[in-house]
Amino acid sequence: MTETSILLQRDGAVARLILNRPDKLNSLTLGMLAELSAALTDLDSDDAVRAVVLTGAGRGFCAGQDLTDHEAMDDTRAVRAVVERHYNPVIRQIRALPQPVIAAVNGVAAGAGCSLALACDIVIATESAKFSNAFINIGLIPDGGGSYFLPRMVGQARAMGLSLLGEAIDAKRAAEWGLIWQAVPDADFAREVEALARRLTDKPTAAIGLIKHAINVSGHHSLEQQLAVEAELQAQAAETEDYQEGRAAFLEKRKPRFIGR
Ligand code: T3D
């Protein structure tokens, strides 16, 4: 893709998805969500990609739904369809992507922009970034999976506080609360994101996809159901070449070289 509202850049085994409307803090239009969905579809079947970084151009990560997008906002009767047809598929795609997805939160993540970040597998943020469940500030409710992710990540009390008050928290607090993986000084951010992505590309990618699945379904499973899921997924992991390599490397006391399948 070229200069569109979503940039997809491949760099070896790392793919970068860049939300690219910096003047509007990368707020989301329906066209942008369609582009994002198309890019995720491309990546889903791309075996050469072993880590995906989702980030924002300019000073923001994503300010949620573009409130000036007439197509999405003017007909209030169409909101259900906007959520079902444009937001929900993207959230599902991120969760189901076989590769790990890093949200590299370079600035404010508000409303559906916050949900988008939380849908990713690992969130790393600049210390100056802010997370805001801003929906309530305009009379809406958390969508994009926000009402699912938040209580599971930070517990009911903090999920309620964030959702009812709509106040932003900074990345350090978000990390302390378990909303994100890591807050790093702004000056180190690019280097830390790169290092995290490269660490992930060296890992057994097929197992990462299976781990994502196991953890994502665990939220609505009993222990018995989850034990059954683990048995099934472990059987699949054990069939991979990377499992053979991991075990051989351990026995031979050397570093494993995983190929991702
Ligand atoms: O119908 C449906 O689809 C329902 C789905 C809803 C999902 C949602 O995401 S609802 C929540 C939508 N998001 C918000 O309510 C956040 C709105 N933005 C803000 O509150 C602030 O912009 C921020 C706190 C995020 C950042 O503030 P600040 O001071 O750093 O920046 P700013 O000056 O407000 O914004 C910079 C520009 O981006 C500005 O444009 P301008 O005046 O320079 O031309 C601003 O209007 C624009 N912008 C920021 N957020 C949005 C936006 N434009 C359109 N939509 C936005 N969400």
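## A tour of two pockets and three helix pairs

Start with helices: α5 passes α6 in a right-handed crossing. Keep in mind along the way that this is a predicted model.

**Stop 1: α5 and its neighbours.** Select 146–154 for α5 and 156–165 for α6. The two axes come within 7 Å and cross at roughly 135°. That makes α5 oblique to α6, since an angle has to be over 145 degrees to count as roughly antiparallel.

Now leave α5 on screen and swap α6 for α4, residues 112–119. Here the axes come within 9 Å, with a crossing angle of roughly 60°. That makes α4 oblique to α5. As for handedness, the α4 and α5 crossing is left-handed.

**Stop 2: the largest pocket.** Don't hide α5 yet, as this helix is one of the elements that supply at least two residues of the largest pocket's lining. Add β6 (122–126) and α9 (205–218), which do so too. Which element gives the largest share of that lining? Colour α9: six of the lining residues come from this helix.

The volume of this largest pocket is about 660 Å³. To centre your view, pick Cys120, Asp121, Ile122, Ile215 and Asn216, the closest to the pocket's centre among the 23 residues that line it. Colour the lining by class and you should get 15 nonpolar, four polar and four charged residues.

Next, colour by domain, with 6–201 as domain 1 and 205–252 as domain 2. Where does the largest pocket lie relative to the two domains? Both domains give residues to its lining, so the pocket lies between them.

**Stop 3: the second largest pocket.** Clear the selection and pick Gln65, Leu67, Met73, Ile138 and Leu140. Of the 23 residues lining the second largest pocket, these lie nearest its centre. Two elements give two or more residues to this lining: α2 (70–73) and α3 (79–96). The largest share, four residues, comes from α3.

This pocket's volume is about 480 Å³. By class, its lining has 15 nonpolar, six polar and two charged residues.

**Stop 4: α3 and α1.** Stay on α3 and bring in α1, residues 30–44. How do these two helices run relative to each other? Their axes come within 10 Å and cross at roughly 30°. Angles under 35 degrees count as roughly parallel, and α1 and α3 are therefore roughly parallel to each other. Look at the handedness before you move on: α1 passes α3 in a left-handed crossing.

**Worth saving as views.** For the first scene, keep α9 with the largest pocket, as this helix gives the largest share of the lining. For the second, keep α3 with the second largest pocket, where α3 has the largest share.

Methods:
Residues are numbered from 1 along each chain as its sequence is written. This is a predicted model: local features need pLDDT of at least 70, side-chain atom pairs count only at pLDDT 80 or more; totals for chains, interfaces and linings use all residues. Side-chain values use heavy atoms; hydrogens and water are left out. On a 1 Å grid over the protein atoms alone, a cavity is a set of points where a 1.4 Å probe fits but cannot get out, and a pocket is an open set with protein on both sides within 12 Å along at least five of seven lines; lining residues have an atom within 4 Å of a point. Grid points are joined across faces, edges and corners, and a volume is the space filled by probe spheres set on the points. Ala, Val, Leu, Ile, Met, Phe, Trp, Tyr, Cys and Pro count as nonpolar, Asp, Glu, Lys and Arg as charged, and the others, Gly among them, as polar. Domain bounds come from an automatic or database domain assignment. Axes are lines fitted to C-alpha atoms, for helices over the stretch in contact, and angles run from 0 to 180 degrees between N-to-C directions. Angles under 35 degrees count as roughly parallel, over 145 as roughly antiparallel, 65 to 115 as roughly perpendicular and the rest as oblique. A crossing is left-handed if the near helix is turned anticlockwise from the far one by less than a right angle, and right-handed if clockwise.
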